[in-house]
Amino acid sequence: MRRVLITGAGGGIGRSLRETLQGVYPFLRLSDRVALAPPREGEEVNRTELSDMAAVERMVAGVDGIIHLGGISGENEWPVILEGNIIGLYNVFEAARRAGVQRIVFATSNHAVGFYPRERKIDHRVVPRPDSRYGVSKAFGEALASLYSDKHGIGVLCTRIGNFGEKPIDKRRLSIWISPRDYTQLVRIGLEHPDIRYEIVYGVSNNRRSWYDNSNAARLGYRPQDDSEPYAKAVLAAEAGQPADPIAEHYQGGTFCAAEYTAETRRD
Ligand code: 15L
């Protein structure tokens, strides 16, 4: 793995990976629809709209692996999701196939499975239960990745990211937090592990309160270093007494589940 492309390099995860992967691979191409900080040694900066196939083909040219973070990173109107996360995602995989790219790490999300109740521990084999249009687009991405793996032999690691950040920011995130160094480790497994054909793993740290059985990641060698627990007391104290929405509290996806919710009975 020598030449790596990061899409969505201007977002929070992209900016962090730009630092933690510096010098790990000899060449990093950093792409986003917005302007990025100027390239340093071993870097190239690229500006691409993912919905523009010709531009996406230029973006992927000559790379060995792709970390696909690009697209819309939260709930939005359908046309916005459609352009960024359906058309844009298709363009990245199809351009990768045409260019002979062998490996993709896809940033999928906990929201592809957000309608599982919090009391249920889920692993990588559960069927999707998206909690939003955004979650549906991530489930679509996992399915498209499966197609390109089965049919065209591209190795794909789908990382169902919980919440990425320096520390967990609320009670829900105590169960799904991932630190920058742990996500870096997972991304490196996705790019470098010799035997990955198609795998789903949870992009979470070693949180004591986790809702996930992440044994598939462990099988691939993932050894997360961080745990949200040392932050729990402060996080819970800050939240104490705040009114809680019963739907958001019940399901793993939290407010993504509660937004626009109209069902009269819960499906558990
Ligand atoms: C995600 O998938 C989003 O990209 C991120 O912004 C957070 O909302 C995160 O999930 C979360 O669930 O906290």
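Which residue places a polar backbone atom 2.6 Å from an oxygen atom of the ligand? The residue is Ser-73, as the first view shows. The model is predicted: local features need pLDDT of at least 70, side-chain atom pairs count only at pLDDT 80 or more, and totals for chains, interfaces and linings use all residues. Residues are numbered from 1 along each chain as its sequence is written, and side-chain values use heavy atoms, with hydrogens and water left out.

**View 1. Polar contacts of the ligand.** A polar contact is a pair of N or O atoms within 3.5 Å. Besides the backbone of Ser-73, a polar side-chain atom of His-111 lies 2.6 Å from a ligand oxygen, and one of Arg-172 lies 2.8 Å from a ligand oxygen. The protein buries 77% of the 320 Å² that the ligand exposes when taken alone (Shrake-Rupley method, 1.4 Å probe).

**View 2. The shell around the ligand.** Residues count here if a heavy atom lies within 4 Å of the ligand. Among them are Asn-110, Tyr-134, Asn-163 and Phe-256. The shell divides into three nonpolar, six polar and two charged residues; Gly is counted as polar and Tyr as nonpolar. Helix 5 (residues 171-176) gives the most to this shell, with three residues (helices are DSSP runs of H or I, at least four residues; strands are runs of E, at least two).

**View 3. A salt bridge between a strand and a helix.** Glu-43 pairs with Arg-18, their closest N and O atoms being 2.7 Å apart. Because Glu-43 lies in strand 3 (residues 43-47) and Arg-18 in helix 1 (residues 12-20), the pair ties together parts 25 residues apart in sequence. The whole structure holds 20 salt bridges (a side-chain nitrogen of Lys or Arg within 4 Å of a carboxyl oxygen of Asp or Glu).

Notes. Polar contact = N/O pair within 3.5 Å; in protein donor to acceptor, adjacent residues only side chain to side chain.
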